[in-house]
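Reader: I should like to learn how the features of a protein structure are read. May we begin with a single residue and work outwards?

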Amino acid sequence: MAKMNFGGVEENVVTREEFPLAKALETLENETIAVIGYGVQGPGQSLNMRDNGFNVIVGQRPNSPSWERAVKDGWVPGRDLFDIETAAEKGTIVQYLLSDAGQIAVWPTIEKHLTAGKALYFSHGTYADRTGIVPPADVDVILVAPKGSGTSLRRLFLEGKGLNSSYAIHQDATGRAWERTVALGIAVGSGYLFETDFRREVFSDLTGERGTLMGAIQGIFAAQYEVLRENGHSPSEAFNETVEELTQSLMPLVAENGMDWMYANCSTTAQRGALDWWKPFRDATLPVFKELYARVASGEEAQRSIDANSKSDYREGLEAELKSLRDSEMWQTGATVRSLRPERNK
Ligand SMILES: NC(=O)c1ccc[n+]([C@@H]2O[C@H](COP(=O)([O-])OP(=O)(O)OC[C@H]3O[C@@H](n4cnc5c(N)ncnc54)[C@H](OP(=O)(O)O)[C@@H]3O)[C@@H](O)[C@H]2O)c1
C-alpha cells in the first residue's frame, strides 16, 4: 500500500502499478464472483470484470427489464445469468448490488448461502447502520465503492481510463479480506483505491450526492436560471450562462488542472467576479451543508431513502418527480441547446 500526500495530509492508497490486473487475476483465480443486481452498478462492475478476464456470474430477478438488459449484454441464462438465489449459492464472492431497499428485502435469501469463507461485498456502506443486515461472523465483509455512476465506470473502462473507488474491510474472517477487496477494486476498473470504513463511506457519499454532486448543483442552477429569466434573459441565454458553459467549457478545464488553474486562465473580469463571489456563496450554503451532514449522521437521510424506495410503487413515484425536472423550462431548453451542438449535427 502506498502512502500519498494529499494537500499535506498522508493517506493510504492502492494504485494499478502497485496492484496490477495480473495480480488481481491471480488473487481471484479460484473465486466465482456473483454480481447480485443489474441496475446501474451491476452492469458496470460485472461487464468490466468479465472483460478483464474474471470468473463472473450475474444474479437478477427474472422477468424484469433488468434481466432482459443482462441478456442483451451477453449474459446467458443458465451459464452466467441466474436468479438471485442460484447466483448467491454459486458465488464465493457475493457482490450485493441491489438498491438499499432491495438489499433489505432479499437479505434472507442471500444470508442462507453465505457459507464460511465466502465474501459479502457492498458498494455502499448503508448496511451497517440502517438495514439490519448482520452477516455471519465467518465471511469477509468488504466494500468497493466506485466514486461515480455505474454508467461512467463502464464508459471510462471502455476508454481505457478508470473511476476512483474507496475500499473498506468491515470483517476479515479469512485473513484474505484485504487482497480480495483490492483485487476486486482493480477488477471492476478502478483508477486508484483509497481507504475508508463503511460509516465514513456512507456519510460522505450521501452528503456528496445531496450536495455538490447533484442536489446543490441543481439548486444553484435553478436559482441562477430563475433570476436571469425574471430579468428578461431568453431561455437560451440563461441556460448557456448557467449550465452549458460550465459543462462544455469550464468543468473539463477544472477536471484537467483544478479550479485554481481555471480561474488563472479566464478573463480578468471573470476572475475578479469569481474571486469576490465564491465566498458569499460558500457562506450562504454552509448552514445548509451543516444541516445536511447532521441529517446524514443521524441516519435520517438513509432512512428516508429506504422508506421511499421500499414502497411497491417506488419506481412510478420517482418517475413522476424526474418527469417534472425533465419538463422544466431549464432542462427542456437544455435538450434543445444540446441538439444544437455542432458535433451532434454532422
Ligand atoms: N447508482 C450508482 O451508480 C452507484 C454508485 C456507487 C455506489 N452504488 C451502490 O451500488 C449498489 C447498487 O446500486 P444501483 O444504483 O446499481 O442499484 P439500483 O439501480 O438502485 O437497484 C437496482 C437493482 O436492484 C434490484 N432490486 C430492487 N429491489 C429489489 C427487490 N425487492 N428484489 C429483488 N431485486 C430488487 C433491481 O431489480 P429490478 O430491475 O428487477 O427492479 C436492480 O437489479 C447500492 O448499494 C448503491 O448505493 C451505486
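Author: This is a predicted model. Leaving aside neighbours within four places in sequence, Glu31 is in contact with Asn55, Thr92 and Ile93.

Reader: Where does Glu31 lie, and how far is its C-alpha atom from that of Ile93?

Author: Glu31 lies in the loop between α1 (21–27) and β3 (33–36). Its C-alpha atom is separated by 6.8 Å from that of Ile93, although the two residues are 62 residues apart along the chain.

Reader: Is Glu31 buried, exposed or partly exposed?

Author: The reading rests on a count of C-beta atoms within 10 Å: a residue is buried at 20 or more and exposed at 12 or fewer. Glu31 has 19 such neighbours, so it counts as partly exposed.

Reader: How should the strand that follows this loop be read?

Author: In a regular strand the side chains alternate between the two faces of the sheet. In β3, Ile33 and Val35 are on one side and Ala34 and Ile36 on the other, and all of these are buried, so that both faces are covered.

Reader: Which strands are joined to β3, and in which direction do they run?

Author: Strands of a sheet pair through backbone hydrogen bonds, either parallel or antiparallel. Here β3 is joined to β4 by four bridges, and these two strands run parallel. Four bridges also join β3 to β6, again in parallel. Ile36 has Gly59 in β4 as its bridge partner, while Ile33 has Ile93 in β6.

Reader: What can be said of β6 itself, and of the strand beyond it?

Author: From β6, Ile93 and Gln95 point one way and Val94 and Tyr96 the other way, and all are buried. Three bridges join β6 to β7, which run parallel; the partner of Gln95 there is Tyr121.

Reader: How do these strands fit into the whole sheet?

Author: The sheet is open and has ten strands, in the order β1-β2-β10-β9-β8-β7-β6-β3-β4-β5, with mixed pairing. Its edge strands are β1 (2–6) and β5 (81–82), each of which pairs on one side only. At the β5 end, two bridges join β4 (residues 56–59) to β5, and these strands run parallel. Gly59 stands opposite Phe82 in β5.

Reader: Which helix lies across β8, and at what angle?

Author: Helix α7 (residues 177–187) does so, running at about 25 degrees to β8 (140–146). It also lies across β2, β6, β7, β9 and β10.

Reader: May we turn to backbone angles? What is unusual about the phi of Asn63?

Author: Most residues other than glycine have a negative phi. Asn63 is not a glycine, yet it has a positive phi of about 55 degrees. Asn63 is found in the loop between β4 and α3 (65–72), and it is exposed because 7 other C-beta atoms lie within 10 Å.

Reader: How is the length of a helix checked, for example that of α14?

Author: At 1.5 Å a residue, the 13 residues of α14 (residues 314–326) should span 18 Å, and the end C-alpha atoms are indeed 18 Å apart. Of these 13 residues the number buried is zero, so α14 lies largely in the open.

Reader: Finally, how is the protein divided into domains?

Author: The domain assignment gives domain 1 (2–196) and domain 2 (208–345). Their C-alpha centres lie 30 Å apart. The contact between them takes seven residues from domain 1 and seven from domain 2. On the side of domain 1, these are two nonpolar, two polar and three charged residues.

How values were computed. Residues numbered from 1 in each chain as written. Predicted model: local features only at pLDDT ≥ 70, side-chain atom pairs only at ≥ 80, totals over all residues. Pairing = 2+ DSSP bridges. Contact = placed C-beta atoms within 7 Å. Axes fitted to C-alpha atoms, helices over the stretch in contact; angles between N-to-C directions. Expected span 1.5 Å × (residues − 1). Domains from an automatic or database assignment. Nonpolar A, V, L, I, M, F, W, Y, C, P; charged D, E, K, R; others polar.
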